[in-house]
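Here's an informal walk through the two-chain model, one region at a time. Have a look at the structure first, then read on.

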Amino acid sequence: MSQGVEAARKPPSHGRVAGKMLLLACAMFGFGYLMVPLYNIICEVTGLNGKTGRVSASAIVAAPVAEDREIIVEFTASVNQSGSWEFRPNAKTMIVKPGILYHASYHAKNLSSSAVVAQATPSVTPFSAARYFNKTECFCFTRQSFEPGGSMDMPLSFVIDEDIPINVDRVTLSYTFFRSPDQS
Amino acid sequence: MSSTDVTHHAPEEHGHDHDHGEHGPAKGLMRWVTTTNHKDIGTLYLWFSLIMFFIGGAMALIIRAELFQPGIQIVDPMFFNSMTTMHAIVMIFGVVMPAFVGLANWMIPMMIGAPDMALPRLNNWSFWIMPFAFTIMLSTLFMDSGGPAGGWTLYPPLVLQMGDSFAFVIFAIHFLGISSVMGSINIVATIFNMRPPGMTFMKMPMFVWTWLITAYLLIATIPVFAGAVTMLLTDRFFGTSFFSAAGGGDPVMFQHIFWFFGHPEVYILILPAFGIVSSIIPTFARKPLFGYDSMVYATASIAFLSFIVWAHHMFTTGMPLAGELFFMFSTMMISVPTGVKVFNWVATMWRGSMSFETPMLFAIGFVIMFTIGGLSGLMLAITPADIQYHDTYFVVAHFHYVLVPGAIYSLMAATYYWLPKWTGNMYDEKLGKLHFWISTVFVNVLFFPMHFVGLAGMPRRIPDYSLQFADWNMIATIGAFGFGFSQLMFVYIIVKCIRGGEKATAEVWEGARGLEWTVDSPAPYHTFETAPTIQPATITR
């Protein structure tokens, strides 16, 4: 019947369409993983999620100082797994001027009877201040090793950018102490 | 014959060299295992989802029985949590999605005049992966550590504390994902390549259009979900720290990745329903679908918008104001194309010669009750209000209104609508109408009170609750048992229709248009082996 007409049509290639769709599926699988670095970049650029900035010490010398502003910085500490840690800031608050480099420290003690590697993660609130809170040095940049019962004071140096929003007069820096995940 | 040759069974497979148009199905059980026929595979999908509907429904009844009164009466809280988790997974991945794929298999080739799906062997695989995946999934309930109990959203860190079932659940999800993606690739290839001359894109039935867009959504989002659960798997077993703050990861990031999949997923669960309703209402209003073009564009707009609204599930995670505003307004924007659809359905019925057979009753029930669910969705989209509603029974009421009298009603409407075409017999109209009215009464008794307890502050996913919520919970449970058991009627009507009944004509419904109504009832094992000629009378618009 219509076979003559049908034969004139070029056979459509199902493989090509299926291949393209499969490629799209694989690309989207990759995109799922790409969201991880994207998420971190967006958080760092915008200061969302309390991610703080990091600057080199030499940049601070040239930075202007806002003499007329005073900001209260509060330090808090928490431990992810209870029991085996003592973790606290050595000073609970500091009054700082934007543009000047300050030093603070936290005290940590391993209360367990085994050597442990730990990692601290920082968070700054309010989020709108996070991107102006820059650290030149921080114990949170690296993992810390503790002997059984060992303790140490861990330093951190920070400077608040003078562009910090005018309505912010109090910033809370919070650290959570984690046992590093790659130990049994 | 080139376009049809591609899809024919290889001769050695069935032992038929001749008479392609004449041969029927193979005999015995192996017919169903080895079949590459789109109608067989559609039937398998539909039976599978009907069975899963009762498994998921039984879980819902366990939940409702426990919530009949305050206190812990029937099940222990851990099992209760695994019931809420499994109920969701079964209903989403085991009922609504396979049922829509089943309908796509049965109807898309017949609607566009193609002899079969483009990739019949892949089609067989897509189906047969599912029973195995669900056997693995459901088997976790019998493990010592119990089934998954952290909610279907699988949020870390809770989900990482799950027992032995964790790896099994992730494995099953991977397989379900593979099945969905293969099924979608097949649907896209079929719609692109197998339309006969004259069946242009803008002449395709709405069900085909909605499925084409749904297939794209599936292909684009299921792999993201697969990635997210793979990250969970490596976090738990291989020392990565995607979602573990201890290693520099962030559990909130999981929510972003999950809902980037999860929000398009909710449209995957409803777009084919829009297509079904857009097929049924014109038939029983005896008028062509009002605003066909706008329906197509509305569907595409909803699909596009679904990718930029995900964080409205996360308003309470501490988003910045700009993010809250963006996701609030983009979410509200979805009500515009959805409103276009609802108005078009109403306009199709306007001054039509309407009759109210069972499929039409379910379709109208869909339009009304889906709109109720849509409106509560709009309330949830308002960020400041959502902070009050978040994780309360109001959310449960919202998504059950769009999924039960929404997606499930569309599936029942579709079943009644096409059952005479599948079986060759008319179903029992009186029982069908009774099924509709009993279901509709009970579904509202079941879900409407959840709005009240939700607004009053009852949290979701808890086995026990404060006394002030007791009355409405008792009423909801009565509705649940009424709705659940009335679905046995649905099975009875289907079985009765398969076994016999008044013979159906080819057209079945007086106002039915479209190619599927030009073939005999029951539809022969092979249809449209030669491409049909597209005439104005046989296209749906």
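## Helix α18 of chain B

Bear in mind that this is a predicted model. We can start with α18 of chain B, which covers residues 470-499: its 30 residues reach 45 Å from first C-alpha to last, close to the 44 Å expected at 1.5 Å a residue. The buried residues of this helix are N473(B), A476(B), T477(B), G479(B), A480(B), F483(B), F490(B), I493(B) and C497(B). Among the elements that cover them are three helices of chain B, namely α4 (38-66), α16 (393-423) and α17 (429-455).

M489(B) also sits in α18 of chain B. Is M489(B) buried or partly exposed? It has 17 other C-beta atoms within 10 Å, and a residue needs 20 or more to be buried, so M489(B) is partly exposed. Leaving out residues up to four places away in sequence, M489(B) touches L431(B) and H435(B). M349(B) is another matter: M489(B) is 140 residues from it in sequence and 28 Å from it in space, C-alpha to C-alpha.

## After the helix

Following α18(B) comes G501(B), with a positive phi near 135 degrees. The segment after α18 of chain B also holds V508(B), and its phi is positive too, near 65 degrees, in a residue other than glycine. V508(B) counts as partly exposed, with 18 C-beta neighbours inside 10 Å.

P522(B) is in the segment after α18 as well. The peptide bond between S521(B) and P522(B) is cis, with omega about -5 degrees. For context, most residues other than glycine have a negative phi, and most peptide bonds are trans.

## The nonpolar cores

Which residues touch the most other members of the largest nonpolar core? They are V208(B), A228(B), V277(B) and A413(B), in a core of 177 residues. Helix α5 of chain B (residues 77-112) gives the most to this core, with 22 residues. A second, separate core has 26 residues, including W85(A), C140(A), I160(A) and F178(A).

Setting aside residues up to four places away in sequence, A228(B) touches F254(B), I257(B), F258(B) and F261(B), and also G32(A).

## Two buried spots in chain B

T190(B) lies in helix α7 of chain B, residues 165-193. T190(B) is buried, since 29 other C-beta atoms lie within 10 Å. Neighbours within four places aside, T190(B) is in contact with I108(B), P109(B), A114(B), M117(B) and A118(B). H87(B), 103 residues away along the chain, has its C-alpha 32 Å from that of T190(B).

L154(B) is found in the loop between α6 (120-139) and α7 of chain B. Its phi is near 55 degrees, a positive value in a residue other than glycine. L154(B) is buried, with 23 other C-beta atoms within 10 Å.

## Chain A at a glance

Chain A has four helices and 10 strands, and 23% of its 184 residues count as buried. Take the contacts in chain A between residues at least 6 apart in sequence: 76% of them join residues at least 24 apart. The domain assignment gives chain A domain 1 (15-46) and domain 2 (52-179). The centres of these two domains, taken over C-alpha atoms, are 35 Å apart.

## The sheet in chain A

Five strands of chain A make an open sheet with mixed pairing, in the order β4-β2-β10-β6-β8. Why is one side of β4 (93-96) and of β8 (144-146) left without a neighbour in the sheet? Both stand at the edges and each has a single partner strand, so one side stays free of a neighbour. From one strand to the next, the twist averages 30 degrees.

Strand β10 (residues 170-179) is joined to β6 (residues 116-125) by eight bridges, running antiparallel. Eight bridges also join β2 (residues 71-79) to β10(A), and this pair runs parallel. Y175(A) in β10(A) is the bridge partner of A77(A) and also of P122(A). Q119(A) stands opposite F178(A) in β10(A).

Just past β6, P126(A) lies in the loop between β6 and α4 (127-130) of chain A. A cis peptide bond joins T125(A) to P126(A), with omega about -5 degrees.

Key
Residues numbered from 1 in each chain as written. Chains lettered and ligands numbered in written order. Predicted model: local features only at pLDDT ≥ 70, side-chain atom pairs only at ≥ 80, totals over all residues. Expected span 1.5 Å × (residues − 1). Buried ≥ 20, exposed ≤ 12 C-beta atoms within 10 Å, placed from the backbone. Contact = placed C-beta atoms within 7 Å. Core = buried A, V, L, I, M, F, W, Y, C linked by C-beta atoms within 7 Å. Pairing = 2+ DSSP bridges. Axes fitted to C-alpha atoms, helices over the stretch in contact; angles between N-to-C directions. Domains from an automatic or database assignment.
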